[in-house]
Amino acid sequence: MVSFEEARSIILDSVRPVDTERIHLLETAGRVLAEDLAAPWDMPLWDNSAMDGYAVRSTDCREIPCKLNVTGFLPAGAKADGIRVEAGCAVRIMTGAPVPFGCDAVVPVEETDDGQLEVTLLEPVIKGQHFRFRAEDVAAGVIFVRSGTVIRPPEINMLAGFGIALLPVYRRPVVAILSTGDELVELGRTPGPGEIINSNTLSLAAAVQEAGCISRIIGIARDNRESHLLKLGEGLKADVLITSAGVSAGDCDMVRDILEELGAKQKFWKVGIKPGGPTAFAMYGSTPVFSLPGNPVSTMITFEEFVRPALLRMQGHQQLLRPLFKAVLRDPLKKKTGKVQIVRVRLEKEGGTWFASSAGNQQTAILKTMVDAQAIALLPAESGGFAAGEEIDVHYYGNHIELE
Ligand code: AMP
Ligand code: MG
């Protein structure tokens, strides 16, 4: 048995970012940039006006109020070529228009009488005011987004501003999902005696997609050698394989043996975590293979704690784990020493402090408390339990949180 921390580091040391692809900017939200990018030109490309108003020479405006002749008009999109602000004159200018030669300040229309042929300035003028200077945002050649950046609307805005239409990002890994067991029927069929619906596949597919990957559903391997050989073999063609069930010590649990027969090298089996203990991890060449326990709660928790960080690393992410924060326990939590215990909790904020309480029955076969949980508490292996009022480490579970 490996510890929770050992399991995580074995997994994260085994996986590498996949290859990259160039895709259109419109498709890049949430993807991870695979190269440093330098500004192809100055941003902005020319000095321009930050306000609707008048381009002036500050030396003409020492006495306030001051009257100037309006000798030109520059709307956004106009060229400033050949336009010049002479002594005693002003050019009417709109936000974003290039500032004309000769001027060194822009006076907002609100600080004038809004005159058309002549304008009276009503407020003192400071050299350089309301100018946006060439390259003041980013100068040509400066790296403005680094490899590893998660692309969000602000990055997209700046990339588009630089005319970059195709972006090098890490590819979305294809993740094969395979359930095992003779008791399973697919969604759409009414389960007969002894049968249950293969719900893990759907939940795993959702979690895989939420983590940014492409899910490939392989179906169900029945509890016999031939079916396992066929389905596991199919799953090993993907970038990642996740199986559920058949990984404990039961008579029909053959996932690990058949993976080994197919050439996968087991890195660990059994982790000091509750629930989720029988988890196994293997590598098939560069393909990580996660064999998760079949109880839906264990499947989801081991995905969250072990598979999700690996999928993020494969996509080039640098932030792999959800941030932990402290919450004060409302009620005591019993536990034995020796294993990390995962507890489904609900959170409440009071006077700036988060309080956690158990979401209810914590047995692995109880799904409702997983649905009700807003966060996951990680109780350390060495702890022998927590009293009410003690602080524990929690992290959000998905987006399922009501914030104040
Ligand atoms: P096993 O590891 O095969 O003994 O399965 C452990 C438990 O998980 C059993 O109660 C199974 O019925 C349940 N289970 C296994 N596979 C799935 C699945 N795909 N969807 C929902 N429950 C499952
Ligand atoms: Mg089974």
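**View 1. Helix 1 and helix 6 are roughly parallel to each other, since angles under 35 degrees count that way and theirs is roughly 25°.** This is a predicted model, as are all the views that follow. The two helices here are helix 1, residues 4–14, and helix 6, residues 296–314, and their axes come within 9 Å. The crossing is right-handed as helix 1 passes helix 6. On the helix 1 side, look for F4, A7, R8, I11 and L12; on the helix 6 side, they meet E305, F306, P309, A310 and R313. Sorted by class, the residues of this contact come out as 7 nonpolar, no polar and 3 charged.

**View 2. Helix 3 packs on helix 6 at an angle of about 25°.** Helix 3 spans residues 199–210, and the two axes sit 11 Å apart. With that angle, helix 3 and helix 6 are therefore roughly parallel to each other. Helix 3 passes helix 6 in a right-handed crossing. From helix 3, the residues to pick out are S199, N200, S203, L204, A207 and V208, and from helix 6 they are P296, T299, M300, F303 and L311. The class count for helix 3 with helix 6 is 7 nonpolar, 4 polar and no charged residues.

**View 3. Helix 4 has a buried side and a face turned away from that side.** Helix 4 runs over residues 225–235, and S227, H228, L232 and G235 are its buried residues in this view. They take up an arc of only 110° around the axis, so they end up on the same side of helix 4. Turn to the face away from the buried side and you find the exposed residues E226 and L230. What covers the buried residues? The cover includes three strands and a helix, namely strand 13 (174–180), strand 16 (214–221), strand 17 (240–244) and helix 5 (255–261).

**View 4. S58 is a buried loop residue.** The loop in question runs between strand 5 (53–56) and strand 6 (66–74). The relative accessible area of S58 is 11%, which is why it counts as buried, the cut-off being under 20%. Leaving aside residues up to four places away in sequence, S58 touches D104, V125 and K127.

**View 5. Two peptide bonds leading into prolines are cis: M43 to P44 and K274 to P275.** For the bond from M43 to P44, omega is near -10°. P44 itself belongs to the loop between strand 3 (37–38) and strand 4 (48–49). For the bond that joins K274 and P275, omega is about -5°. P275 is in the loop between strand 19 (271–274) and strand 20 (280–284).

**View 6. H130 and A135 have positive phi without being glycines.** For H130, phi is about 55°. You'll find H130 in the loop between strand 9 (118–121) and strand 10 (131–132). Is H130 buried or exposed? Neither, quite: at 29% relative accessibility, H130 counts as partly exposed. For A135, phi is about 70°. A135 lies in the loop between strand 10 and strand 11 (143–145). With a relative accessibility of 22%, A135 counts as partly exposed too.

Notes: Residues are numbered from 1 along each chain as its sequence is written. Chains are lettered from A and ligands numbered from 1 in the order in which they are written. This is a predicted model: local features need pLDDT of at least 70, side-chain atom pairs count only at pLDDT 80 or more; totals for chains, interfaces and linings use all residues. Side-chain values use heavy atoms; hydrogens and water are left out. Axes are lines fitted to C-alpha atoms, for helices over the stretch in contact, and angles run from 0 to 180 degrees between N-to-C directions. Helices (H or I, at least four residues) and strands (E, at least two) are DSSP runs, numbered from the N terminus. Angles under 35 degrees count as roughly parallel, over 145 as roughly antiparallel, 65 to 115 as roughly perpendicular and the rest as oblique. A crossing is left-handed if the near helix is turned anticlockwise from the far one by less than a right angle, and right-handed if clockwise. Contact means heavy atoms within 4.5 Å. Ala, Val, Leu, Ile, Met, Phe, Trp, Tyr, Cys and Pro count as nonpolar, Asp, Glu, Lys and Arg as charged, and the others, Gly among them, as polar. Buried means under 20% relative accessible area, exposed over 50%, partly exposed in between (1.4 Å probe, protein chains only). The arc is that of the directions from the helix axis to the C-beta atoms.
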